[in-house]
Amino acid sequence: MQEQQKIQMVDLHGQYMRIKAEVDAAIAEVIDSSAFINGPAVGRFASALAQYTGAGHVITCGNGTDALQIALMALGLRPGDEVIVPAFTYVASAEVIALLGLKPVMVDVDRDTFNTDMRFIEKAHTPRTRAIIPVHLFGQSCDMEPIMDFASAHGLYVVEDNAQSLGAEYIYRDGKRRRTGAVGHIGCTSFFPSKNLGCYGDGGALFTDDDALAERIRMTANHGQRVKYHHDVIGCNSRLDTIQAAVLEVKLRYLDDYCGARRTAAHRYNALLRGVDGVELPVEAPYSTHVYHQYTLRVRDGRRNALKEFLASRGIPSMIYYPLPLYRQNAYLYDGSGLKIADELAASVLSLPMHTELEAVEQERIAEAIMDFFKR
């Protein structure tokens, strides 16, 4: 009997092999030039990404967490200022707030989309609120139009955390569309290898249409200097190295194809798992396209951990994003009374393998295992 091929949560090697010649040539060009820092590929990639997203400016940096920190630094927020952030997300969004001496104000999220919800933002707003960080989780946009309207009415900044949804489009009420990350005052993204647009190390970028903010972001990411050795503001040192930019320049040309492959895989999961009593499938919001950075189920009746163990026994990986809401993390221990949806999601979500190389036969095997579990 032929041994079944191992299913991978993410298949970076398979993706690389499809574009190996282009990537290898791009890397070799950088090495031959020895322009390892701020080489030509950095500028070319930033320009190409600006054209792709429609953002007026793209400023690259070292990673997605740096992008968030640089954004808040560039806004000139003061210690004690409040920044609204979802309680159900990766820690980086709250981490940078706390690192800068600001106050993270954690809010609940929409149960269906897992995303920052205007209802909870409005309740959390106080006279000390200065900014909102909506997180476009798992591959689709928050409902940005009401968030931007609220921010405008109250003089707030909006910093999009777009680390998981680069390539998605937000759909306005009038039908206009714009790429996520280019809707708020500043957008931030990550090029961590497993992201929809991932490099072969660390990398990140910021987006803005505001010329003055763009200049401030550039200075902040470059030791606070506009002119070398003249430091006008307190900054940091965060940059995308040229080899990573060269890789990203190649992969950006395939981003829409990658997102399309993920959508195809997600819709195949939907077809296979629809009707399985025990799981709730991901919901696609009407105001956003979905690029499925993750395909995340909700498992009913407290059986999530048991399903995860069962899948592992069948050689099928899965991940829990995220097992604890931010307000329950030891680093924060925030008063989370009323954050019931974040608690519910943390106890029930389970992400299945999702990547550009996922094959139908693998998904059929995954779905069969899930159905077997619920038949027991």
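This report describes the sheet and helix α8 of a predicted model.

Residues are numbered from 1 along each chain as its sequence is written, and side-chain values use heavy atoms, with hydrogens and water left out. Because the model is predicted, local features need pLDDT of at least 70 and side-chain atom pairs count only at pLDDT 80 or more, whereas totals for chains, interfaces and linings use all residues.

Helices (H or I, at least four residues) and strands (E, at least two) are DSSP runs numbered from the N terminus. Seven strands form an open sheet of mixed pairing, in the order β1-β9-β8-β5-β4-β2-β3, where two strands pair if DSSP finds at least two bridges between them. The edges are taken by β1 and β3 (103-107), each with a single partner strand, so one side of each is left without a neighbour in the sheet. Within the sheet, β8 and β9 run antiparallel and are joined by four bridges, and Ser-190 has Gly-204 in β9 as its bridge partner.

Helix α8 (residues 211-221) has buried residues (under 20% relative accessible area, 1.4 Å probe, protein chains only), namely Leu-213, Ala-214, Ile-217, Met-219, Thr-220 and Ala-221. These buried residues pack, by contact (heavy atoms within 4.5 Å), against the elements tabulated here.

| Element packed against α8 | Residues |
|---|---|
| β1 | 57-61 |
| α4 | 64-74 |
| β8 | 186-190 |
| β9 | 204-208 |
| β10 | 225-227 |

At the start of α8, a side-chain oxygen of Asp-210 comes to within 2.9 Å of the backbone nitrogen of Ala-212, while just after the helix His-223 adopts a positive phi of about 60°.

Conventions:
Buried < 20%, exposed > 50% of the residue type's maximum accessible area, 1.4 Å probe, protein only. Polar contact = N/O pair within 3.5 Å; in protein donor to acceptor, adjacent residues only side chain to side chain.
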